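Reader: Could you teach me, step by step, how to read the aromatic rings and the backbone in a model like this one?

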Amino acid sequence: MHENRETSESSRLNQSRDRSEKALRHTADRHASEESDCAIVPVNPSNKEEQSSAEMGEGRAQTKENIGPSSTSPTQSGERVSQGRGGVRQAAKERKQERFTALFHHVTINLLRDSFYALKRQAAPGVDGVTWKEYEAGLEDRLADLHNRVHGGTYRARASRRVYIAKADGRQRPLGIAALEDKVVQQAVVTILNEIYEVDFKGFSYGFRPGRSPHQALDALSVGLHRKRVNWVLDADIRGFFDNMSHEWTVKFIQHRVGDLRMVRLIRKWLKAGVSEEGQWSETRVGTPQGAVISPLLANIYLHYVFDLWVEVWRQKVAQGDVLVIRYADDLVVGFESRTEAERFLREFRERLAKFGLELHPEKTRLIQFGRFAAQNRKERGEGKPETFTFPGFTHLLRGAPERWSIHCVARNGEEADGGEAAGSQGRIDPSSARAEGGCWWMAAESRFGLLPIPCRSG
């Protein structure tokens, strides 16, 4: 383990080593390579064969904006990102076991200003009742006061305002709307921690990350299903993931890389702030509010240690056949060559989740036969058409015979984009192929497998 070059507190380093070793007993990263995944976009060779120390699993090539020093990126105020934050990213790339003990000073007034302007301007207010437009009046004085409270230790996180939105199955999904100043500070912390975690996160993780999108995850999945020997697909749903994240494990995972106690205390404040529903405050012992600015990053950190590092080791050291992995936040798909390995993985995955207070949804998690020979095999057994699965929000179904088969994506409204057959030319994305269908925009990704329908954005 390396000492952060910004500090020389050896006692804190020794404490952090003990803490990290205890937490690592429950994670698979003691076996994993210290090289992180390169940032990738869809389409590249098998994620099992010819694997380098950097993950090249389900992608085409490096996405420079995900890995380049952030010191070259302009901010809302027109200034360049501080060389200090760029130094954090460089240190994170070079020293994979580094614990950063001096991060809090990066929370500057300039960063708070940029974080404020990065927020959605029409978002609903939290328990403070303050809108973005109202806070902008007298912004500089407000930010100076906020900065002083954050660094002076008098900043207090406020409870999230609980609201509900309808889910597709008719149930209600709880959301937590943070107070405006909490949003600003959370956005600033996300910006700082991204310098570390965008180096660490794996290439098959696509959800809520800078420079990544759902249609990239869909593209990677489509190409992976064609290029790899996938015959079985696990469509996994983690029951109430955001509501059941352990606060203790969340902090332990963060402390693998973050040794700045002030930054850790700030995150604890948000986790323990509670929720306010119809004026009544209630304590939160587990979970992080869906809707909070910090929550997507905390979720990705949690699953990086619970799932990503573990599945990487599993497919390298346990699997005999091809294994395809795509994750978008808590929505994940794993493809297998053999049913035996798929069933073994599912058993061990359930055991893995249980160690961290999570479980798979028994009704929404399915292992199905899906791939080139699925239709033929099911027909021979008299089982009808191949089953479908949904990821993320798009239903995937098979068409055609084994020698000329294709995967089609269908949006929630039932409209289907035309897919190509498994034959064709060299891989490339043709932006001019984007077109509107059924209320959605579709881009045909032209590859050696033909035109793959990739949803780009809502119409």
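Author: Let us begin with one residue: phenylalanine 345 has a relative accessibility of 0% and therefore counts as buried, where buried means under 20% relative accessible area, exposed means over 50%, and partly exposed lies in between, with a 1.4 Å probe and protein chains only. This is a predicted model, in which local features need pLDDT of at least 70 and side-chain atom pairs count only at pLDDT 80 or more, while totals for chains, interfaces and linings use all residues. Residues are numbered from 1 along each chain as its sequence is written, and side-chain values use heavy atoms, leaving out hydrogens and water.

Reader: How many aromatic pairs are there?

Author: Rings of Phe, Tyr and Trp (its six-membered ring) pair if their centres lie within 6.5 Å, and planes under 30 degrees apart count as stacked, over 60 as edge-to-face and the rest as tilted. By this rule the count comes to 21 aromatic pairs. Among them, phenylalanine 253 and tyrosine 302 are edge-to-face, with 5.3 Å from centre to centre and 80° between the planes.

Reader: Which parts does the pair of phenylalanine 253 and tyrosine 302 tie together?

Author: Helices are DSSP runs of H or I with at least four residues, strands are runs of E with at least two, and both are numbered from the N terminus. Phenylalanine 253 lies in helix H10 (residues 247–255) and tyrosine 302 in helix H12 (residues 295–317), so this pair links parts that are 49 residues apart in sequence. Both phenylalanine 253 and tyrosine 302 are buried.

Reader: What kind of pair do tryptophan 310 and phenylalanine 345 form?

Author: Tryptophan 310 and phenylalanine 345 form a tilted pair, 5.3 Å centre to centre with 40° between the planes. Because tryptophan 310 lies in helix H12 and phenylalanine 345 in helix H13 (residues 339–354), the pair ties together parts 35 residues apart in sequence. Tryptophan 310 is buried, at a relative accessible area of 11%.

Reader: What should I know about the sign of phi?

Author: Most residues other than glycine have a negative phi. Glutamate 278, however, has a positive phi near 55°, and glutamate 278 lies in the loop between strand S4 (275–277) and strand S5 (280–282). Alanine 329 also has a positive phi near 55°, and its place is in the loop between strand S6 (323–328) and strand S7 (331–336).

Reader: Is glutamate 278 buried or exposed, and is alanine 329 buried or exposed?

Author: Glutamate 278 is exposed, with a relative accessible area of 79%, whereas alanine 329 is buried, with a relative accessible area of 7%.
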